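Me: I would like a close look at a single part of this model, followed by whatever contacts can be described elsewhere in the chain.

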Amino acid sequence: MMYYSRVKTASVLAVCLLGLLLCLPNVARMPGASLPWRQIHLGLDLRGGSYLLMRVDLGTLARERLETLTDQVRQSLLKDGLGYRNLASDPKLEAVTFTPRQPSEHDRDVAALQAMTTATPNEFAVSTLGDGRIAVTLSPVALRTRARDAVAQSIEIVRRRIDATGAVDPTITRQGDDRIVVELPGITDPNRIKQLLGTTAKMTFHLVAEGVAPTGPAPPGVDLLPMQDNPKVMVPVMHHVDVDGADLTNARAGQDNQNGEWAIDFTLDSVGTREFAEVTRDNLGKPFAIVLDNKVITAPVIRGVIPSGTGEITGSYTAQSATDLALLLRAGALPAPLEVIEQRSIGPTLGADSIRAGAISLAVGLLLVVTFMAVFYGLFGWYANLALVANLILMVAILSLFQATLTLPGMAGMLLTLGMAVDANILINERIREEVKRGRTPLAAMQAGFERATSTIIDSNATALLAHVMLFVFGTGPVKGFALTITIGIVTTLFTTLLLSRMLMVRWYALTRPTMLPV
């Protein structure tokens, strides 16, 4: 218990030295690009930056599902040779309704609709209304499931879009049923980020409707969409999607080989390649519109079959706009539009004030603890203070190793960890003092004090560790940062208290062989 071999002593010192080296990147510049220079990232409240609260437009999600269901109903009926009248979607009923062409076709209509494929089990129900119309009603459970999945998908797409901009350590979390919180440390002007996140980036390919005037009401199955460059010019496109942008596998910005203008080159997967080849083969000489978020980017004429699944989107693009559009297409389309409902910016001055206040509180707390231990426990108190400094260094080292984000709650967790470490050292010193009062020899008093205190220290820290692990697993935002710091602090506290502090006392005893202990 009280014997430290050279190997054990060297191991403890090596861990402390390694911790010191891992802390260096936070106070020194990187000497070379090949070195693993890992640093602690400062959170939004320390570094300054932007806070965005965004809401997923679930109403649009439901309307789009009704639109696709309407098209699905139309295709299913026509496939079986069945007609219909007054086919329309009813947002209030959350259903698609129509009147059978002939009353005798009612049962065949219902059978055809019930045979439609569904995205989720029991997604919709087919029923007959009192006026003879047939209704395909979306299930509330299916709509809630779709909304929940849409928010989760939106979070992932938002993360991919932000990561592609090079933002350092963004925080993206869910809040409530339909809201997403985005924290961007170091970005005080988030206009480009807002533009990227506010763009749905839903790209589709449609045939242009022939013989339809771009003015006046559009016939069934045709949509009048504005040109992106000139919104006053309307283009009649077929509502049916011939190729979906979801089949994109890659998109990158480049310059057109003919005129040098910026464009976006895209590549489709196997499904998109097959559909692209079929539609270009069957519609030679017809205009083919590329639509992005209900705006026509371009509508070139199909000059030949395109079997490779690659293409180019041209327009009035700059280098930045082409790069951003390629980024959006690679990240994928949002399942529903995002709306910024709250925005806050924290300036770097406020972040610096927070760092200063946190550093002062940490320094004052450490100074008071050091003074207390030195006054009450003498030399053993100074050994405890050395272990306390090593504890702080190891905490910073582990946070740096994992490039963790430090926030104000995290700094509070570091201060609390120092207090917990002091408790452990006080417990050991009081146990040793009790053994001295009982008349034990210095070596026996030290050994008995450590033995009696060790189990208590391990038990108390183990329960605290479990509690903070649960906080880290189930918490979000500041709570998670606080729990992470405390969890790391508990591990370093056990090391410095039970190994480093004891080693210092044992080496002192081996060198001095005192007749009395300085406690």
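How much space lies in the second largest pocket?

Reply: The second largest pocket holds about 820 Å³ of space (a pocket being an open set of points on a 1 Å grid over the protein atoms alone, where a 1.4 Å probe fits, with protein on both sides within 12 Å along at least five of seven lines; its volume is the space filled by probe spheres set on points joined across faces, edges and corners). The model is predicted, so local features need pLDDT of at least 70 and side-chain atom pairs count only at pLDDT 80 or more, while totals for chains, interfaces and linings use all residues. Residues are numbered from 1 along each chain as its sequence is written, and side-chain values use heavy atoms, with hydrogens and water left out.

The pocket is lined by 29 residues (those with an atom within 4 Å of a point), of which Thr 171, Glu 183, Thr 476, Gly 477 and Pro 478 are the closest to its centre. At least two lining residues each come from helix 2 (44-47), strand 7 (171-175), strand 8 (179-185), strand 18 (338-346) and helix 12 (478-512) (DSSP runs numbered from the N terminus, H or I of at least four residues for helices and E of at least two for strands). Strand 7 gives the largest share of this lining, five residues. By character, the lining divides into 12 nonpolar, 10 polar and seven charged residues (Ala, Val, Leu, Ile, Met, Phe, Trp, Tyr, Cys and Pro are nonpolar, Asp, Glu, Lys and Arg charged, and the others, Gly among them, polar).

Two contacts between a charge and a ring can be described (NZ of Lys or CZ of Arg within 6 Å of the ring centre and within 35 degrees of the ring normal). The charged end of Arg 344 sits over the ring of Tyr 51, 4.1 Å from the ring centre, and that of Lys 480 over the ring of Phe 472, at 5.2 Å.

The model has 16 salt bridges (a side-chain nitrogen of Lys or Arg within 4 Å of a carboxyl oxygen of Asp or Glu). Glu 64 forms one with Lys 202, their closest N and O atoms lying 4.0 Å apart, and this pair links distant parts of the chain, 138 residues apart, from helix 3 (residues 58-79) to the loop between helix 6 (191-198) and strand 9 (203-207). Glu 64 counts as partly exposed at 25% relative accessibility, and Lys 202 is partly exposed at 37% (buried is under 20%, exposed over 50%, partly exposed in between, with a 1.4 Å probe and protein chains only). Within helix 10 (residues 408-437), Glu 430 and Arg 433 lie three residues apart, about one turn of the helix, and their side chains meet in a salt bridge at 3.6 Å, N to O. Glu 435 and Arg 440 form another at 2.6 Å; Glu 435 is buried, with a relative accessible area of 1%, whereas Arg 440 is partly exposed at 43%. Both belong to a network of salt bridges with Arg 431, Glu 434, Arg 438 and Arg 452.

Among the eight aromatic pairs (centres of Phe, Tyr or six-membered Trp rings within 6.5 Å; planes under 30 degrees apart are stacked, over 60 edge-to-face, the rest tilted), Phe 205 and Phe 266 are tilted because their planes stand at 50°, with the centres 5.7 Å apart. Phe 205 in strand 9 and Phe 266 in strand 14 (residues 262-268) are 61 residues apart. Phe 205 is buried at 1% relative accessibility, as is Phe 266 at 2%, and both join Phe 276 and Phe 288 in one aromatic cluster.
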